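Here are some exercises to work through with the model open in your viewer. Try each task before you read its solution.

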Amino acid sequence: MKEEPHVSHARYRLHDGPLLRRLMDSPPVGGRVYSVRSLALATDLSYSKIQKMVTEDRPTCTPDEAERIACALSLSRKALFSPISSASADKDEEDTDGPR
């Protein structure tokens with residue numbers, strides 16, 4: 001029987017959506033100004049993915065997506081994102097207020 005290849009479910013969490021927006025609007029010297037749409041095009045991600053990152057409605061992404069966003073902004077991935085090291089690393093934490 002053939003084994004399935006190991007699939008990583010690692011996720012990265014954006015440190016701060018408003019910071020991402022500020023970096024898009026006012027990049028470091030020599031950087032490019034991005035709208036949500038232009039950053040989506042530059043990173044080959046969807047408009048809604050970038051919008052949800054900026055608004056922190058869905059602040060997690062794959063390591064590759066985090067790298068593409070950071071690279072487009074000429075930053076290191078760790079400047080914008082932290083790895084999630086929890087059992088729920090394969091999904092966004094939608095309920096942060098605890099049990100209901």
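**Exercise 1. A threonine and its partner**

Task: In this predicted model, find which side chain Thr60 joins in a polar contact, and decide whether Thr60 is buried or exposed.

Solution: Start with the side chains: those of Thr60 and Arg11 are joined by a polar contact of 3.2 Å. Next, place the residue, and you will see that Thr60 belongs to strand S2. Finally, look at its accessibility. Thr60 counts as buried because its relative accessibility is 0%, and the cut-off for buried is under 20%.

**Exercise 2. The sheet around that strand**

Task: Work out the order of the strands in the sheet, and say which strands lie at its edges.

Solution: Trace the pairing first. The three strands make an open sheet with the order S2-S1-S3, and they pair in the antiparallel sense. Strand S2 (60–61) and strand S3 (81–83) are the edge strands, since each pairs on one side only. Now zoom in on one pairing: strand S1 (residues 12–14) and S3 are linked antiparallel over three bridges. As a landmark here, look for Arg13, which stands opposite Ser82 in S3.

**Exercise 3. The overall layout**

Task: How many helices and strands does the protein have, and in which order do its elements run?

Solution: Count the elements to get five helices and three strands. Then read from the N terminus, which gives β-α-α-α-β-α-α-β. To see how the chain folds back on itself, turn to the contacts: of those between residues at least 6 apart in sequence, 62% join residues at least 24 apart. As for burial, 32% of the 100 residues count as buried.

**Exercise 4. Two packed helices**

Task: Describe how helix H1 packs with helix H3, and name the residues that make the contact.

Solution: Begin with the geometry. Two packed helices are described by the angle and the distance between their axes. For helix H1 (residues 17–25) and helix H3 (residues 47–54), the angle is about 115 degrees and the axes are 7 Å apart. Then list the residues: H1 contributes Gly17, Pro18, Leu20, Arg21 and Met24, while H3 contributes Ile50, Met53 and Val54. Sorted by character, the residues of this contact are six nonpolar, one polar and one charged.

**Exercise 5. Positive phi outside glycine**

Task: Where do Asp44 and Glu56 sit, and is each of them exposed or partly exposed?

Solution: Take Asp44 first. Its phi is positive, about 60 degrees, although Asp44 is not a glycine. Asp44 lies in the loop between helix H2 (36–43) and H3, and it is exposed because its relative accessible area is 65%, with the cut-off for exposed set at over 50%. Glu56 also has a positive phi, near 65 degrees, and its place is in the loop between H3 and S2. Because its relative accessible area is 37%, Glu56 is partly exposed.

**Exercise 6. Contacts of Ala72**

Task: Which residues does Ala72 touch, leaving aside its neighbours within four places in sequence?

Solution: Locate Ala72 in helix H4 (residues 63–72). Its contacts are then Tyr34, Leu39 and Thr43. For a further distance check, Ala72 and Ala40 are 32 residues apart in sequence and 9.9 Å apart C-alpha to C-alpha.

**Exercise 7. How far to trust the model**

Task: Which stretch has a pLDDT below 50?

Solution: Start with the whole protein, where the mean pLDDT is 84 and 76% of residues reach 70 or more. The stretch to find is residues 93–100, with three contacts in the model beyond near neighbours in sequence. Where pLDDT is low, predicted coordinates should not be read in detail.

Definitions and conventions. Residues are numbered from 1 along each chain as its sequence is written. This is a predicted model: local features need pLDDT of at least 70, side-chain atom pairs count only at pLDDT 80 or more; totals for chains, interfaces and linings use all residues. Side-chain values use heavy atoms; hydrogens and water are left out. Two strands pair if DSSP finds at least two bridges between them. Helices (H or I, at least four residues) and strands (E, at least two) are DSSP runs, numbered from the N terminus. Contact means heavy atoms within 4.5 Å. pLDDT is the predictor's confidence in each residue, from 0 to 100. Axes are lines fitted to C-alpha atoms, for helices over the stretch in contact, and angles run from 0 to 180 degrees between N-to-C directions. Ala, Val, Leu, Ile, Met, Phe, Trp, Tyr, Cys and Pro count as nonpolar, Asp, Glu, Lys and Arg as charged, and the others, Gly among them, as polar. Buried means under 20% relative accessible area, exposed over 50%, partly exposed in between (1.4 Å probe, protein chains only). A polar contact is a pair of N or O atoms within 3.5 Å; within protein, one must be able to donate a hydrogen and the other to accept it, and residues adjacent in sequence count only if both atoms are side-chain atoms.
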